[in-house]
Amino acid sequence: DDNIVLEYQITIFGRNERLMLVRNITRLYRLEQMRKDFVANVSHELRTPLTVINGYLETFADYSDQLPPRWGRATHQMQQQSRRMQNIINDLLLLSRLETTDIEGQQQYIEIDLMLDSIRQDAQLLSGDKEHRITTDLRTDARVIGSENELRSAISNLVFNAVKYTPPGSTIKMIWQELPHNKGAVLAVEDNGEGIDARHLPRLTERFYRVDKGRSAETGGTGLGLAIVKHVLLRHNAKLDIKSEVGKGTQFSCTFPDTSLAMQGESTREHSN
Ligand code: ADP
């Protein structure tokens with residue numbers, strides 16, 4: 001049950017022998033479970049007090065014209081910071097849900113072209129007068145079987161990051177490609193921004209890891225976005241690869257297995273009637 005048993009066939013001096021390794025992981029598993037529970041509990045407990053603080057800050061902000069200017073500015077700053085805290089708490093709660101709940105029951109057919117197009121529109125709004133050129137490119141009407149909410153938030157994270165971390169006017173492409181021989185499909189999110197130095201890449205999906213702390217705080221990031229992306233993909237048996245070249249741009253690609261794809265025409269509850 002809590003033992004991992006590894007069995008090997010080995011050949012010694014021409015004789016076939018069996019080697020068995022047994023490792024008990026109960027303690028490791030319990031510690032990991034405690035960590036997950038702790039993070040979930042802390043995040044949950046912090047939510048209520050923060051809601052109260054935010055409520056009062058909002059009232060202060062409504063009367064800011066009656067406050068001395070310095071207080072008005074302070075109120076604004078406090079509001080910004082407590083919103084950031086709220087975002088961090090929400091992301092931590094989302095991460096712990098991703099780690100602890102089952103995806104079964106949340107699966108549905110997702111029309112990938114519609115989803116990418118609506119993400120493109122949201123990203124264009126986020127870019128505003130920075131006028132990023134955001135495009136989608138897909139030549140099939142494939143559907144993915146998965147959690148719509150989760151995949152939308154993962155893909156949005158990648159595209160919004162590209163908006164946040166590239167200069168105005170940069171190009172951002174979402175490219176969906178099916179792999180030959182039923183090997184699944186790849187969604188690439190590419191930008192032609194400043195890129196990320198290779199030494200950061202292995203740690204990029206760690207919680208709170210950032211290339212440039214100051215810049216990330218400025219953009220309102222929580223440092224949890226890519227950790228969420230990684231977990232969502234993991235739940236969909238998909239995997240994330242990151243390629244980047246400084247001065248040229250960055251490419252995040254999500255590879256979905258064949259089993260998560262459904263072709264147009266396959267009947268679904270929503271579309272069959
Ligand atoms: P954050 O909330 O800080 O955006 P993420 O986990 O989403 O956290 O991203 C981690 C870090 O990766 C960011 O702080 C940023 O430095 C870097 N990053 C993410 N996407 C890009 C991109 N498209 N181009 C350059 N840097 C990026």
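Which residue has a side-chain N or O atom 2.6 Å from an oxygen atom of the ligand? I would like to begin there, and I should say at once that what we are looking at is a predicted model. The residue is Tyr 165, whose side chain places an N or O atom at that distance of 2.6 Å from a ligand oxygen. The protein covers 96% of the 540 Å² of accessible area that the ligand has on its own.

Staying with the ligand for a moment, we find 19 residues surrounding it, and the closest of them are Tyr 165, Asp 191, Ser 216, Thr 222 and Gly 223. The backbone takes part as well: a polar backbone atom of Thr 222 lies 2.8 Å from an oxygen atom of the ligand, and for Leu 226 a polar backbone atom is 2.9 Å from a ligand oxygen.

Asp 191, which I just listed among the closest residues to the ligand, also leads us into the strands, where its bridge partner in S9 is Thr 250. Strand S7, residues 185-191, pairs with S9 in the antiparallel sense, and seven bridges connect the two. S9 also pairs with strand S8, residues 239-245, again running antiparallel and again through seven bridges, and within that pairing Lys 239 stands opposite Thr 255 of S9. S8 and S9 form a hairpin with three residues between the strands, and there Gly 247 takes a positive phi near 90°.

Is strand S9, then, largely enclosed or largely open? Of its eight residues, 249-256, six are buried, which here means under 20% relative accessible area, and so the strand is largely enclosed by the rest of the structure.

Let me turn now to another sheet, an open one of three strands, which has the order S3-S5-S10 and antiparallel pairing. The strands at its edges are S3, residues 108-111, and S10, residues 261-262, and because each has a single partner strand, one side of each is left without a neighbour in the sheet. If we follow S3 to its partner S5, residues 143-146, we find the two running antiparallel and joined by four bridges, one of the bridge pairs being Glu 111 with Arg 143 in S5. Helix H3, which takes in residues 112-127, lies across both S3 and S5, and the helix runs at about 60° to S3.

To return to where we started, the ligand has an oxygen atom 2.6 Å from an N or O atom in the side chain of Tyr 165, and Asp 191, also among the closest residues, has its bridge partner, Thr 250, in S9.

Key:
Residues are numbered from 1 along each chain as its sequence is written. This is a predicted model: local features need pLDDT of at least 70, side-chain atom pairs count only at pLDDT 80 or more; totals for chains, interfaces and linings use all residues. Side-chain values use heavy atoms; hydrogens and water are left out. Buried means under 20% relative accessible area, exposed over 50%, partly exposed in between (1.4 Å probe, protein chains only). Two strands pair if DSSP finds at least two bridges between them. Contact means heavy atoms within 4.5 Å. Axes are lines fitted to C-alpha atoms, for helices over the stretch in contact, and angles run from 0 to 180 degrees between N-to-C directions. A residue is near a molecule or strand if one of its heavy atoms lies within 4 Å of it. A polar contact is a pair of N or O atoms within 3.5 Å; within protein, one must be able to donate a hydrogen and the other to accept it, and residues adjacent in sequence count only if both atoms are side-chain atoms. Accessible areas come from the Shrake-Rupley method with a 1.4 Å probe; for residues, only the protein chains shown count as cover.
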